[in-house]
Amino acid sequence: MTAPVVVPAKQVPVPTPDAAAPQYAARPPPAPKAERRKPTIKATKAAITLTPAAMQRLRALLKGPTPQLIRIGVRNKGCAGLSYHLEYVEHPGKFDEVVEQDGVKVLIDSKALFSIIGSEMDWHEDPLSAKFTFKNPNIKDACGCGESFSVGS
């Protein structure tokens, strides 16, 4: 039979009556925790793909004297609810998605990402018009003229 192990209690310094304030040793600071890297999430597929005609037109637009970017977004407009909106911007917004394909960089507005994701952007020219067109798999309804769409459930 073994004797029980006795662990001495912590000794707390007893203040002396002539001491102005008791002196206690400060605990050492906790050891710094190893900093964990934030996980980086890489998309396996681009949010939008550009056709060769669209890339050629975007390169021509972006070659201007002041370097700018093109942001693709959607606006509440038209009879079906949403319409595509393209604009020049100086810098990407805080939550904009940057899509780069063969050296051409476009931005997708964070508010439009879920209604644009998986789309294909193309450039069409005919004798009466020239415009960017989108093939969007998320569209549930579109107006007759094709200018507006909705992505409802």
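## Close-up views of a predicted model

**View 1. Ala142 in strand S8.** Ala142 is partly exposed, having a relative accessible area of 44%. This residue belongs to strand S8, which covers residues 141-142. In this predicted model, Ala142 touches Ala80, Ser148 and Phe149, once residues up to four places away in sequence are set aside. Cys79 makes a good landmark for this view: Ala142 and Cys79 are 63 residues apart in sequence, yet their C-alpha atoms are 8.4 Å apart in space.

**View 2. Ser150 in strand S9.** Here we turn to strand S9, residues 149-150, which holds Ser150. Is Ser150 buried or exposed? Ser150 counts as buried because its relative accessibility is 19%, and the cut-off for buried is under 20%. Not counting residues up to four places away in sequence, the residues that Ser150 touches are Ala80, Asn138, Ile139, Lys140 and Asp141. Ala80 links this view with the one before, since Ala80 is also touched by Ala142.

**View 3. The whole chain, for orientation.** Before going further, it helps to place the close-ups in the fold. The chain contains two helices and nine strands. Read from the N terminus, these elements follow the order β-α-β-β-β-β-α-β-β-β-β. The chain has 153 residues, and buried residues make up 25% of them. Take the contacts between residues at least 6 apart in sequence: 50% of these join residues at least 24 apart.

**View 4. Helix H1 and its buried face.** Helix H1 spans residues 52-62, and its buried residues are Ala54, Met55 and Leu58. Why do these buried residues line one face of the helix? Viewed down the axis of H1, they fall within an arc of 100°, so they line one face. A reminder of helix geometry may be handy here: an α-helix has 3.6 residues a turn, so residues three or four places apart point the same way. What do the buried residues of H1 pack against? Their partners are strand S1 (48-50), S2, strand S4 (97-101), strand S5 (104-108), strand S6 (119-125) and S7. On the face turned away from the buried side, H1 carries the exposed residues Pro52 and Gln56.

**View 5. Arg71 and its surroundings.** Arg71 sits in strand S2, residues 69-76. Although Arg71 is a charged residue, its relative accessible area is 15%, so Arg71 is buried. Which side chain does Arg71 meet in a polar contact of 2.9 Å? The partner is the side chain of Asp96. Neighbours within four places in sequence aside, Arg71 is in contact with His85, Leu86, Glu87, Val89, His91, Pro92, Gly93, Asp96, Leu107 and Asp109.

**View 6. Asp96, seen from the other end of the pair.** Asp96 is located in the loop between S3 and S4. With a relative accessibility of 14%, Asp96 counts as buried. Besides the 2.9 Å polar contact with the side chain of Arg71, a polar atom of the Asp96 side chain lies 2.8 Å from the backbone nitrogen of Gly93. Leaving out neighbours within four places in sequence, the contacts of Asp96 are Arg71, Leu107, Ile108, Asp109 and Ser110. Asp96 and Leu107 are eleven residues apart in sequence, and 6.1 Å separates their C-alpha atoms.

**View 7. Asp102 and its backbone angle.** Asp102 is part of the loop between S4 and S5. What is worth a look in the backbone of Asp102 is its positive phi of about 50°, although this residue is not a glycine. For background, most residues other than glycine have a negative phi. Asp102 counts as exposed because its relative accessibility is 57%.

**View 8. The largest pocket.** This last view shows the largest pocket, with a volume of about 390 Å³. Which residues of its lining are closest to the centre? Of the 15 lining residues, these are Tyr84, Phe132, Phe134, Gly146 and Glu147. Strand S3 (82-89) and strand S7 (130-135) are the elements that give two or more residues to the lining. S7 supplies the largest share, four residues. By type, the lining residues divide into eight nonpolar, four polar and three charged.

Note on methods: Residues numbered from 1 in each chain as written. Predicted model: local features only at pLDDT ≥ 70, side-chain atom pairs only at ≥ 80, totals over all residues. Heavy atoms only, no water. Buried < 20%, exposed > 50% of the residue type's maximum accessible area, 1.4 Å probe, protein only. Contact = heavy atoms within 4.5 Å. 1 Å grid on protein atoms, 1.4 Å probe; cavity = no way out; pocket = protein on both sides within 12 Å on 5 of 7 lines; lining within 4 Å. Points joined across faces, edges and corners; volume = space filled by probe spheres on them. Polar contact = N/O pair within 3.5 Å; in protein donor to acceptor, adjacent residues only side chain to side chain. Arc of directions from axis to C-beta.
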